[in-house]
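Please load the model in a viewer and keep the selection panel at hand. The stops below proceed from one selection to the next.

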Amino acid sequence: MPYTLGIDVGASRAAAAITRLDGPHRGAPHPVSPVSADPGPFVGRIGDDVPIVLGNRQHNAHELMATGIDRIVEQVAAHHGDRPARVTVTHPSTWGPYRIDLLREALSRVGLGDSALVPEPLAAVTAAAARHRIDGPAPIAVYDIGGSSVTATLLRPSPGGFEIIGRSETAEHPAGADFDDELVALVTAGRPDPGAAAWDDLQKLRQECVQAKHILSVAPEAVVAPLQVRVTRAEFEELIRPLLHQGVDVLLRALSNAGLTPDRLGAVVLVGGSARIPLVRQTLLERLHRPVLVDGAPEATIAAGAALMASRSLPEPVNPVAETVIMAKITDETVVLFPMDDPDAFDDEPATEEPPARPPVETEPPQLVPAKPALAAAPRGRRRRRKASRRGLVIGIITMLLVVACAYLVLQYFNTPLGGGL
């Protein structure tokens, strides 16, 4: 099965998605889950001259990241039985040419030299544009709230797709890790400090809080084990609300730096694992009053956009929109960019119910008007051409008669003797 692969390496986790080039699900991006390799911890060290020591060996961050990406490619290839036709890897929009070249050279050394490197916001807005009609030249904001930072980037439509406006605005807070900290503090409030000896227990408790955070995104309450503390969504939202407003301020700074105001935005594309929290989208709507587009699995949106870009870069690109997408206007409601379920589980199309029979409608017969004669119905331009033809014929006849008369008079003049015959 031919396919293209998009890989998004975040600071807290890596995500991958494929776009199939044939078959019933051709052109639709689908995430690869789970991704066992995780080169994310090395993203922030790309370009750092200080080596990373693993075991008894020293490594550069870009080499470790390239090795992790190669393992993701191998994992996907093992599952699908063949390597992808094209691979696109995303990188932070704040990277310059130096870091990009380091990663490109490292990928070449592991056999992925033909991979394309694209900025994360560009892949995110590509996924959004593949699902929704983005009319006019209005800028689009990509708001990426990940595990360790929040980044806001502005893009505008261009003949080739989209281009980034200025520089991205980023901040370490708020992020998913901050939300986890707030939840841990809530469930451990009033309990004695376990100390360093209970580090493993604290790590397990934090993992349970992360699971509870995910549950609270879809349920009104969750129980954090092993403390058996019940937390409601309202309590959790009250804790993180100030942090979310700080995140929106990051986006407002990006707008201000570009000389724009929120009313100039066409929409906000919301991505990142923490974008699952309903209050994130609600806060953006309240502060910006602009449409917010968020996918059912926002942590894989960037990878899905990268997979689409990879398919379009082939010599005979696939048109993912033509067969799998229903174009729609952007509204003020949250919309799903594309399905994120396993496509193999939906090979059978659901049965379509027959529409109910319509009741008979009584109508009056229309008043028929007799057709005009064919001559009267002739086009106006044709009548003009006929009149012009007749006028030209008359003028031609008159001209010919004048020429004949003139010729006759000339002949009479030369044939008349001098003196008038005297």
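**A helix across a sheet**

Begin with helix α7, residues 278–288, in this predicted model. Helix α7 lies across three strands, β8 (140–145), β13 (267–271) and β14. Relative to β13, the helix runs at about 160 degrees.

**The sheet**

Next, select the strands of the open sheet, 5 in number, in the order β10-β9-β8-β13-β14. The pairing in this sheet is mixed. Which strands stand at the edges? They are β10 (161–171) and β14 (292–294); each has a single partner strand, so one side of each is left without a neighbour in the sheet. From one strand to the next, the twist averages 25 degrees.

Now restrict the selection to β9 (residues 150–158) and β10. These two strands run antiparallel and are joined by 8 bridges. Within β9 and β10, display L154 and I165, which stand opposite each other.

**The nonpolar cores**

Return to the helix and select L284. Beyond residues up to four places away in sequence, L284 touches Y143, V248, L251, V268, L270, H289 and V292. L284 also belongs to the largest nonpolar core, which has 42 residues. Which members of this core touch the most other members? They are Y143, I145, L251, V268, L270 and L284. Extend the selection to helix α6 (residues 233–257), which supplies the largest share of this core, 9 residues.

For the final stop, move to a second, separate core of 32 residues. Among its members to select are V32, A66, W95 and A106.

Conventions
Residues are numbered from 1 along each chain as its sequence is written. This is a predicted model: local features need pLDDT of at least 70, side-chain atom pairs count only at pLDDT 80 or more; totals for chains, interfaces and linings use all residues. Side-chain values use heavy atoms; hydrogens and water are left out. A nonpolar core is a set of buried Ala, Val, Leu, Ile, Met, Phe, Trp, Tyr and Cys residues joined through side-chain atoms within 4.5 Å. Buried means under 20% relative accessible area, exposed over 50%, partly exposed in between (1.4 Å probe, protein chains only). Helices (H or I, at least four residues) and strands (E, at least two) are DSSP runs, numbered from the N terminus. Contact means heavy atoms within 4.5 Å. Two strands pair if DSSP finds at least two bridges between them. Axes are lines fitted to C-alpha atoms, for helices over the stretch in contact, and angles run from 0 to 180 degrees between N-to-C directions.
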